Amino acid sequence: MPDKSSNNAMDSLVGDLKAVVSPLRAKLSEIHRKYAAVNDGALADYIPELTKANPDWFGICLTTVDGRVFCIGDSGQTFTIQSVSKPFVYGLALEDHGREGMLKHIGVEPTGDAFNSLVKLESFGGKPFNPMINAGAIAAASFIEGKDEPTRFNRVLEMFERYVGRRVQVDMAVFTSERSTGHRNRAIAHFLLNFNNLGHALEESLDLYFKQCSLLVCAQDLAMMGATLANGGVHPVTQQRAIDPQYIKDLLSVMSTCGMYDYSGEWYYRVGLAAKSGVGGGICAVVPGVAGLGVFSPLLDPRGNSVRGILALEELSKYYELHVFGCHNNYEKLVNDCSRRGR
Ligand code: DON
């Protein structure tokens, strides 16, 4: 005969355990477990230093606009931000030159081409289609103002520090690896110079771009950066303003239409969130008014987007109905799960 009193005790223990694990954390854990088993994709190897990443690394983090942090897996593991830096530097260039000022130099049209393609740059007279591809990002970096390169880079660094709420450093090994092998980026910069579309000297602009890509962040940082954008440009914890609020819709627009390169259309169709990926394996996504998401896993698909990152965000978006054009997009389910107590 089973002992009834021990069964009751077990039921109550299971009940207690369910109560202490927050439903959001439980969902993130389930997604993490499910996609940690996916080993598709490859490490970026065109920047030799990036091949040192551990293919098993996988972290997911969600941070709310009031600063609650939900992290799973390797969300504190640092990696280089790479192209996730692009919308943020574009934001600083917008602050320096205004919307119309930047539109003269960099468009806002998706290309449908690879992130490092040169094709449209030549065919369309040296004006990059958008600031999320390398051509547009190198141009944006060249338009950051300051009396010399160190001053300009310091402004970029301080801007990132306002978004993450802590000191940020350059991974010098990745920076030198990228600087010595970035021949396509060098070619892009020379094209821009040829078309008189660089704000400052070529080598300095390239160095600034390579450095911004080599900043060390973790998934938790990306979630905080997303949460800062979701929170109208104010860091949820430090309450420091990271960007002039008038430019947030510009960043979110280019992230939405161009942030995932030649997967941007399908990404928006399936996931429906402004997001930016990088070849370090990071993706930052924004749920306006609610939260930022940061995912990190260095195995990439052929377009340069994190395989597990896309799967995890797609499932989260579906489960919580986060698509900005969804019928129920007051994000009630997510807000509710964020508020329910538990570890
Ligand atoms: O310029 C490059 O190639 C890299 N520093 C950044 C590219 C990147 O992250 C593309 N992302 N998916």
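A residue counts as buried when its relative accessible area is under 20%, as exposed when that area is over 50%, and as partly exposed in between. With those cut-offs in mind, select Glu 315 in this predicted model: Glu 315 has a relative accessible area of 14%, which is under 20%, and is therefore buried.

**First stop: Glu 315 and Lys 34**

Keep Glu 315 selected and add Lys 34, with which Glu 315 forms a salt bridge whose closest N and O atoms are 2.9 Å apart. Because Glu 315 belongs to helix α13 (residues 307-320) and Lys 34 to helix α2 (residues 23-36), the pair ties together parts that are 281 residues apart in sequence. Whereas Glu 315 is buried, Lys 34 has a relative accessible area of 44% and is therefore partly exposed. A search of the whole structure finds 16 salt bridges, and the tour now turns to others among them.

**Second stop: Glu 266 and Arg 270**

Select helix α12, which spans residues 264-270, and display the side chains of Glu 266 and Arg 270; these two lie 4 residues apart in α12, and so are separated by about one helical turn. Salt bridges that share partners join Glu 266, Arg 270 and Glu 314 into one network, so Glu 314 is worth adding to the selection. Between Glu 266 and Arg 270 themselves, the side chains meet in a salt bridge with an N to O distance of 2.9 Å. Glu 266, at 37% relative accessibility, counts as partly exposed, and Arg 270, at 43%, is likewise counted as partly exposed.

**Third stop: Glu 203 and Arg 186**

Move next to Glu 203 and Arg 186, which form a salt bridge with their closest N and O atoms 3.0 Å apart. Since Glu 203 lies in helix α9 and Arg 186 in helix α8, this pair ties together parts that are 17 residues apart in sequence. Glu 203 is partly exposed, its relative accessible area being 43%.

**Fourth stop: helix α5**

Helices α8 (183-194) and α9 (202-213) can stay on display, for what covers the buried residues of α5 includes both of them, together with α3 (86-103) and α4 (119-123). Select α5 itself, residues 134-142: 9 of its 9 residues are buried, so this helix is largely enclosed by the rest of the structure. Among the buried residues are Asn 134, Gly 136, Ile 138 and Ser 142.

Which residues lie in contact with Ser 142, leaving aside its neighbours within four places in sequence? They are Asn 197, Leu 198, Gly 199, His 200 and Ser 205. Ser 142 has 0% relative accessibility and therefore counts as buried. A distance display will show the backbone oxygen of Ala 139 at 2.7 Å from a polar atom of the Ser 142 side chain, and the backbone nitrogen of Gly 199 at 2.8 Å from a polar atom of that side chain.

**Last stop: the largest pocket**

Finish at the largest pocket, which has a volume of about 200 Å³. To centre the view there, select Glu 49, Leu 50, Ala 53, Phe 79 and Thr 80, which are the closest to the pocket's centre of the 17 residues that line it. Colouring the lining by class will bring out 10 nonpolar, 4 polar and 3 charged residues.

Notes: Residues are numbered from 1 along each chain as its sequence is written. This is a predicted model: local features need pLDDT of at least 70, side-chain atom pairs count only at pLDDT 80 or more; totals for chains, interfaces and linings use all residues. Side-chain values use heavy atoms; hydrogens and water are left out. Buried means under 20% relative accessible area, exposed over 50%, partly exposed in between (1.4 Å probe, protein chains only). Contact means heavy atoms within 4.5 Å. A polar contact is a pair of N or O atoms within 3.5 Å; within protein, one must be able to donate a hydrogen and the other to accept it, and residues adjacent in sequence count only if both atoms are side-chain atoms. A salt bridge is a side-chain nitrogen of Lys or Arg within 4 Å of a carboxyl oxygen of Asp or Glu. On a 1 Å grid over the protein atoms alone, a cavity is a set of points where a 1.4 Å probe fits but cannot get out, and a pocket is an open set with protein on both sides within 12 Å along at least five of seven lines; lining residues have an atom within 4 Å of a point. Grid points are joined across faces, edges and corners, and a volume is the space filled by probe spheres set on the points. Ala, Val, Leu, Ile, Met, Phe, Trp, Tyr, Cys and Pro count as nonpolar, Asp, Glu, Lys and Arg as charged, and the others, Gly among them, as polar.
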